[in-house]
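Colleague: I would like to go through the labels used for this model and hear what stands behind each one. Please give the value, then the criterion, then the conclusion.

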Protein chains: 10
Amino acid sequence: MLFHVRMDVNIPRDLPADEAAEIIAREKAYSQALQASGKWRHIWRIAGEYANFSILDVRDNAELHEILSGLPLFPFMRIEVTPLLRHPSSIREDDR
Amino acid sequence: MLFHVRMDVNIPRDLPADEAAEIIAREKAYSQALQASGKWRHIWRIAGEYANFSILDVRDNAELHEILSGLPLFPFMRIEVTPLLRHPSSIREDDR
Amino acid sequence: MLFHVRMDVNIPRDLPADEAAEIIAREKAYSQALQASGKWRHIWRIAGEYANFSILDVRDNAELHEILSGLPLFPFMRIEVTPLLRHPSSIREDDR
Amino acid sequence: MLFHVRMDVNIPRDLPADEAAEIIAREKAYSQALQASGKWRHIWRIAGEYANFSILDVRDNAELHEILSGLPLFPFMRIEVTPLLRHPSSIREDDR
Amino acid sequence: MLFHVRMDVNIPRDLPADEAAEIIAREKAYSQALQASGKWRHIWRIAGEYANFSILDVRDNAELHEILSGLPLFPFMRIEVTPLLRHPSSIREDDR
Amino acid sequence: MLFHVRMDVNIPRDLPADEAAEIIAREKAYSQALQASGKWRHIWRIAGEYANFSILDVRDNAELHEILSGLPLFPFMRIEVTPLLRHPSSIREDDR
Amino acid sequence: MLFHVRMDVNIPRDLPADEAAEIIAREKAYSQALQASGKWRHIWRIAGEYANFSILDVRDNAELHEILSGLPLFPFMRIEVTPLLRHPSSIREDDR
Amino acid sequence: MLFHVRMDVNIPRDLPADEAAEIIAREKAYSQALQASGKWRHIWRIAGEYANFSILDVRDNAELHEILSGLPLFPFMRIEVTPLLRHPSSIREDDR
Amino acid sequence: MLFHVRMDVNIPRDLPADEAAEIIAREKAYSQALQASGKWRHIWRIAGEYANFSILDVRDNAELHEILSGLPLFPFMRIEVTPLLRHPSSIREDDR
Amino acid sequence: MLFHVRMDVNIPRDLPADEAAEIIAREKAYSQALQASGKWRHIWRIAGEYANFSILDVRDNAELHEILSGLPLFPFMRIEVTPLLRHPSSIREDDR
């Protein structure tokens, strides 16, 4: 089941640089593991912003929340979720 | 080059039913031809709304506008475009 | 899987009264059948508005959209969907 | 008498971790006692956000405010209240 | 129990003048009967707008909705309800 | 001359507790003196929020500003003023 | 007593041209009579918009409303009123 | 050439009181010198807010920006500029 | 003197096609004459929208309004004006 | 390929003055190098605000993001990007 997620990141200026770097490194590993598992289907950077649009493919709302609230950057993010479904005009088998 | 597009459709109630049906059929064919060509990479329905999120892969802004303004439903749509780029954490080769 | 849905109804003034009455009657029957089946868990009127908050319990996003887009009043509604999940503090077994 | 309440929590980063944990534990106990009493009818987590939708069943506006302003997390919440009533299409006896 | 209500009126231009006049006359009578009964405690015009702020004193949310949805101008109004309660600094006995 | 005022209070967390308590006590005394004088006609708490709706009865805009800017909590408030006048449907002598 | 007023005009396209012209002519005469009387202190066009900012000098809120609701274009205007007072830094005698 | 300017002031709480007083005094002198020169035509306080509406009469956009960005309170202001011109209904010679 | 202008066009569906075509042709000629004269410095289409960003170089606010309100499409446009000036970092001689 | 960019700068008050000056100097050099290269086609100050409108001419979205995210002031900016294309009415050869 697919969800569209917009994530806006805002790291506070007083977070020590090494702490921020460590969180960002964990965020990347966390995201890539979920991408490898197929649950995080797409992630794109939004031009000019510290933000992304992502497509997640999860079992249900609970799993979606578990993934999002587990993001290392979660405390510094504004997240907006939109439930998706297959579009009747789609010709891609996997855009279900 | 990828663009994120949100399209909200609002067909006026006084459009004759057969005219609306004909436009919607042309819209579907138009979208599927562009999907087949690889230019319209994804299209998803937004749950509960007559709207979609799409990902287009075009040569430049001009081609993007040519495609969007050529949509048979264009006169009845509100369209919002966001330029995308490859996310540094992405592991998908084609999310460039 | 639970979804929170806000529905705002706006029936155009030029819809003939009997046509409006017939749509509203079908809307009520449609809603009550889904309530009886357990898929439409709650519906509350918002005081002072022609609007409701509802809780739907569906298999997935696709079923949610099928139910909402099938509403007889769908063409006259603005709908806003929010995915829900069990709250860690909840003590109700069925608020999953 | 039912009220729909949206609560958005924003715990400031400089609140000591043990103080935050203690407040959150009190919040949970407070909510569960009110759920057990029947006054806090439903609570659902909103997917991807530190927020909930709740349904409260109270005697009047004053009791509603007493409950909400007594929340241990109240100083860190944005709260939005909407008065509800039984929907004419509802078939649930207790959605009054 | 007190509620704050903002009502914005927008009478469509194509409503025949006598029909509009008749609705407005019924609106006035309806409002004054409720004021006389004590349920509609205050009504003030907002300067420069076809709008009012009102204070209603009702038994519960259901009675509030019954009153508001029964307004002859209801189909031409945007209504916004805010539940009130006695302010701890109030010295007026009847601002409960 | 009547004015509708919405006041939203936001006391910063780093204000020392005794300083806050002292300001709140002065605010209450200030408000009650103005209520006793008849200039602050009504004050109601908004359910679930640290906010109030008030009705002030003043000589002119200058007196309104003098009262509002003199509020002990003024530096911590967002204030929104709306000029009112007697509603043609009002039956209360003093809602002028 | 001074008020700042923003007026946005939106004349419906289906208003007959001569009717529109007649209303606009009456609007101009109405405005100029009030300017001559000193009650309508200033009026400026907003560049690029069918809108104006005006300063009115009236006895009270009731007179303000009487003037604004009497505008021949009132049914086609969105009006926003802001109460003003003398600024402590002003050196103009008549900006009271 | 006239411009309408709204200035909202927000002096941070941690600015030392004497520093704030000194900036406010300079602001007043700066404003009054420009009023005396005729460039700052009007300034009015907005009732209930630490804000003003002003009318500036400047040679061009560059001079407008030079004046506004030179305000001693500029770092603590939100400023919104609207270009004005003579209204065709104006009878005041100097509202050009 | 430079101004940034955003123009959003919304041609009503019931405007006869030949009338619309004639207005659009006049709009193009009008714009190109002003471009040739140097007063309309730039015009760009916004991708996916029936809208443009333009830069106008005019003598003053009055000339700006004269040009904009003279647009054949003016009755069908929403226009937003922002005054510009030379940026201190600019190296282009003519971005004054 | 052209993009319209709005940049709003907000330098935090607790950034040491010499650090701020150094960042601003680097920003200016960075911008001017890109202007000299032809990639940053225009930059204009917005009157009364610490903000600019810019036109960038880049190869693709990725280059746009590389330039914007490399701005020395990027951590203190809110940036909004709009993709542009040649307007059919444009007579300037280089507004492609």
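Modeller: Across the interface of chain G and chain H, zero salt bridges are found by the rule. Bear in mind that this is a predicted model.

Colleague: What makes a pair count as a salt bridge by that rule?

Modeller: A side-chain nitrogen of Lys or Arg has to lie within 4 Å of a carboxyl oxygen of Asp or Glu. Between chain G and chain H no pair meets that rule, as the count is zero. Over all chains, the count comes to 80 salt bridges.

Colleague: What, then, does the contact of chain G and chain H consist of?

Modeller: Chain G gives 29 residues to it and chain H gives 29 residues. About 2,800 Å² is buried between these two chains, with carbon and sulfur atoms giving 62% of that area. On the chain G side, G:Trp44, G:Arg45 and G:His87 lose the most area to chain H, together 24% of what that side buries.

Colleague: How many salt bridges does the rule find across the interface of chain B and chain A?

Modeller: Zero. In that contact, 29 residues of chain B meet 29 residues of chain A, and the two chains bury about 2,800 Å² between them, 62% of it on carbon and sulfur atoms. B:Trp44, B:Arg45 and B:His87 lose the most area to chain A within chain B, together 24% of that side's buried area.

Colleague: Why are chain A and chain B described as related by a two-fold rotation axis?

Modeller: Chain B is superposed on chain A by a rotation of 180° with 0.0 Å of shift along its axis, at an RMSD of 0.0 Å. The two copies are therefore related as by a two-fold rotation axis. The same surface serves both copies, since 100% of the contact residues of chain B recur in chain A.

Colleague: Why is A:Gln32 called partly exposed?

Modeller: Its relative accessible area is 25%. Buried means under 20% and exposed means over 50%, so a value in between is called partly exposed. A:Gln32 is found in helix H1 (residues 17-37) of chain A. Leaving aside neighbours within four places in sequence, A:Gln32 is in contact with B:Pro88, B:Ser89, B:Ser90 and B:Ile91.

Colleague: How do you know that A:Arg78 and A:Asp8 form a salt bridge?

Modeller: Their side chains meet at 3.8 Å, N to O, and the cut-off is 4 Å, so the pair qualifies. A:Arg78 is in strand E4 (residues 77-86) of chain A and A:Asp8 in strand E1 (residues 2-9) of chain A, 70 residues apart. As a general matter, side chains of opposite charge can pair when their charged atoms come close.

Colleague: Are the two partners, A:Arg78 and A:Asp8, buried or exposed?

Modeller: A:Arg78 has a relative accessible area of 57%, so it is exposed. A:Asp8, at 14%, is buried. The pair also belongs to a network of salt bridges that links A:Arg6, A:Asp8, A:Glu49 and A:Arg78.

Colleague: What makes B:Arg41 and B:Asp57 a salt bridge, and what does the pair tie together?

Modeller: Their side chains meet at 2.7 Å, N to O, which is within 4 Å, so the rule is met. B:Arg41 lies in strand E2 (residues 40-46) of chain B and B:Asp57 in strand E3 (residues 51-57) of chain B, so the pair ties together parts that are 16 residues apart in sequence. Both B:Arg41 and B:Asp57 are buried.

Colleague: Why is strand E1 (residues 2-9) of chain C called mostly covered?

Modeller: Eight of its eight residues are buried. C:Leu2, C:His4, C:Arg6 and C:Asp8 point one way from E1(C), C:Phe3, C:Val5, C:Met7 and C:Val9 point the other way, and all are buried.

Colleague: How do you know that E1(C) pairs with strand E3 (residues 51-57) and strand E4 (residues 77-86) of chain C?

Modeller: Pairing needs at least two bridges. E1(C) and E3(C) have seven, in the antiparallel sense, and C:Arg6 has C:Phe53 as its bridge partner in E3(C). Seven bridges also join E1(C) to E4(C), again antiparallel, with C:Thr82 in E4(C) as the bridge partner of C:His4.

Definitions and conventions: Residues numbered from 1 in each chain as written. Chains lettered and ligands numbered in written order. Heavy atoms only, no water. Least-squares fit on C-alpha atoms with pLDDT ≥ 70 in both. Contact = heavy atoms within 4.5 Å. Buried < 20%, exposed > 50% of the residue type's maximum accessible area, 1.4 Å probe, protein only. Helix = DSSP H or I, 4+ residues; strand = E, 2+ residues; numbered from the N terminus. Buried area = accessible area lost by both parts, 1.4 Å probe.
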